[in-house]
Amino acid sequence: MDKLRDNLKIIIGAAVAITVVIVLFVVLGRDKDLSSVTSAEIKTGRDYLASLEAGKVSDVENILKEQRNAELRAKSQEKIDALDDENTDIWSLFEDYVLLGDSRAVGFWYYGFLPKERAISEAGATIRFLKEHEPDIYALNPSSIFCCFGLNDVSIGLWPTPEDYKAEYTETLKEIQSKLPDATIYVSSILPAKDPAFNKSEKWRNIPQYSEACKEMCEENGFVYIDNSEICEKYTDLWDIDGIHVQKPFYNYWGKNMILATYQHVLDQQLEATNTDADE
């Protein structure tokens with residue numbers, strides 16, 4: 001952007017030399033005898049042109065910034081549209097990542113979508129599973145870390161309130177982030193439970209509040225929240241009969257939602273970089 005700004009100034013500077021006489025006519029009056037123009041009056045004309053120059057550079061930069069942003073959004077939309085193509089292999093888009101979670105996350109490797117060594121999960125796991133597997137996370141040194149917890153966290157009673165849960169979750173993720181500062185941490189919203197699951201635990205009715213706490217945590221700490229509410233409402237028929245776990249086809253939608261989150265995150269970073277360059 002700095003190089004572009006310099007080029008624009010050179011071009012406009014050349015225009016200044018060509019149009020100075022015209023500007024003097026405008027500023028000083030058409031009846032003014034140019035042979036009697038004083039150095040002070042010439043300076044006035046040049047100062048006027050300088051103010052126009054600055055304005056034009058800013059206008060052009062804003063136009064170029066908007067064009068760049070439009071191009072970035074268009075490219076991102078192309079990638080998003082490609083996800084709807086039945087020939088697109090969602091799972092091949094997971095690159096340099098690690099996914100951690102509970103029994104619902106087990107399906108990612110159980111059904112063969114992702115390799116087990118990168119989809120580290122087990123039945124009964126809570127967010128404390130993250131701390132247990134920190135060595136595995138650091139060994140993989142991923143650029144993306146996906147966290148898919150919440151089912152057991154809500155029902156087991158270790159975190160009586162969403163605020164308690166948020167506090168420990170934040171502490172754990174910040175510790176991981178400090179060791180892997182270049183990694184992006186994605187937190188999946190907690191998939192809801194459905195009848196007859198509540199016969200087993202009424203606490204699962206509180207899942208929405210715990211998900212909201214996760215969202216707040218992400219907003220406050222620079223993690224990326226993955227909102228699964230839309231796909232959960234749309235594909236409610238893909239829950240198992242226990243009302244807790246999800247069927248194999250649901251993982252395609254869940255995986256797609258994760259990839260969409262990575263696309264949006266990259267786009268946000270690119271737009272921020274463009275806007276920052278323009279403001280400098």
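**Close-up views of a predicted model**

**View 1. Asn69, a buried residue of helix 2.** With a relative accessibility of 3%, Asn69 falls under the 20% limit and therefore counts as buried. Keep in mind as you look around that this is a predicted model. Asn69 belongs to helix 2, which covers residues 39-82. Which residues does Asn69 touch, not counting those up to four places away in sequence? They are Leu271, Thr274 and Asn275.

**View 2. The whole protein chain, for orientation.** Stepping back for a moment, you can find 10 helices and five strands in the protein chain. The chain has 280 residues, and 42% of them count as buried. Among its contacts with a separation of 6 or more, 69% are between residues 24 or more positions apart. The chain exposes about 15300 Å², with carbon and sulfur atoms supplying 51% of that area.

**View 3. Ser121 in strand 2 and its surroundings.** Here we move to strand 2, residues 119-121, where Ser121 lies. Is Ser121 buried or exposed? Its relative accessibility is 11%, so Ser121 counts as buried. Once neighbours within four places in sequence are left aside, Ser121 is in contact with Gly101, Asp102, Ala105, Val106, Trp109 and Phe129. For a sense of backbone spacing, look at Gly107: 14 residues separate it from Ser121 along the chain, and the two C-alpha atoms are 9.0 Å apart.

**View 4. Polar partners of the Ser121 side chain.** This view stays with Ser121 and turns to its side chain. Which side chain makes a polar contact with that of Ser121 at 3.1 Å? The partner is the side chain of Trp109. A polar atom of the Ser121 side chain also lies 3.4 Å from the backbone nitrogen of Val106. Trp109 and Val106 both appear in the list of residues in contact with Ser121.

**View 5. Cysteines and the question of disulfides.** A disulfide is a covalent bond between the sulfur atoms of two cysteines. How many disulfides are counted in this model? The count is zero. Cys214 shows the spacing nicely: its nearest cysteine sulfur belongs to Cys218 and is 6.9 Å away, and Cys214 is in no disulfide. The cut-off for a disulfide is 2.5 Å between the sulfur atoms, so the pair does not qualify. Cys214 has a relative accessible area of 2%, and so it is buried. Cys232, another cysteine to look for, is also buried, because its relative accessibility is 4%.

Definitions and conventions
Residues are numbered from 1 along each chain as its sequence is written. This is a predicted model: local features need pLDDT of at least 70, side-chain atom pairs count only at pLDDT 80 or more; totals for chains, interfaces and linings use all residues. Side-chain values use heavy atoms; hydrogens and water are left out. Helices (H or I, at least four residues) and strands (E, at least two) are DSSP runs, numbered from the N terminus. Buried means under 20% relative accessible area, exposed over 50%, partly exposed in between (1.4 Å probe, protein chains only). Contact means heavy atoms within 4.5 Å. A polar contact is a pair of N or O atoms within 3.5 Å; within protein, one must be able to donate a hydrogen and the other to accept it, and residues adjacent in sequence count only if both atoms are side-chain atoms. Accessible areas come from the Shrake-Rupley method with a 1.4 Å probe; for residues, only the protein chains shown count as cover.
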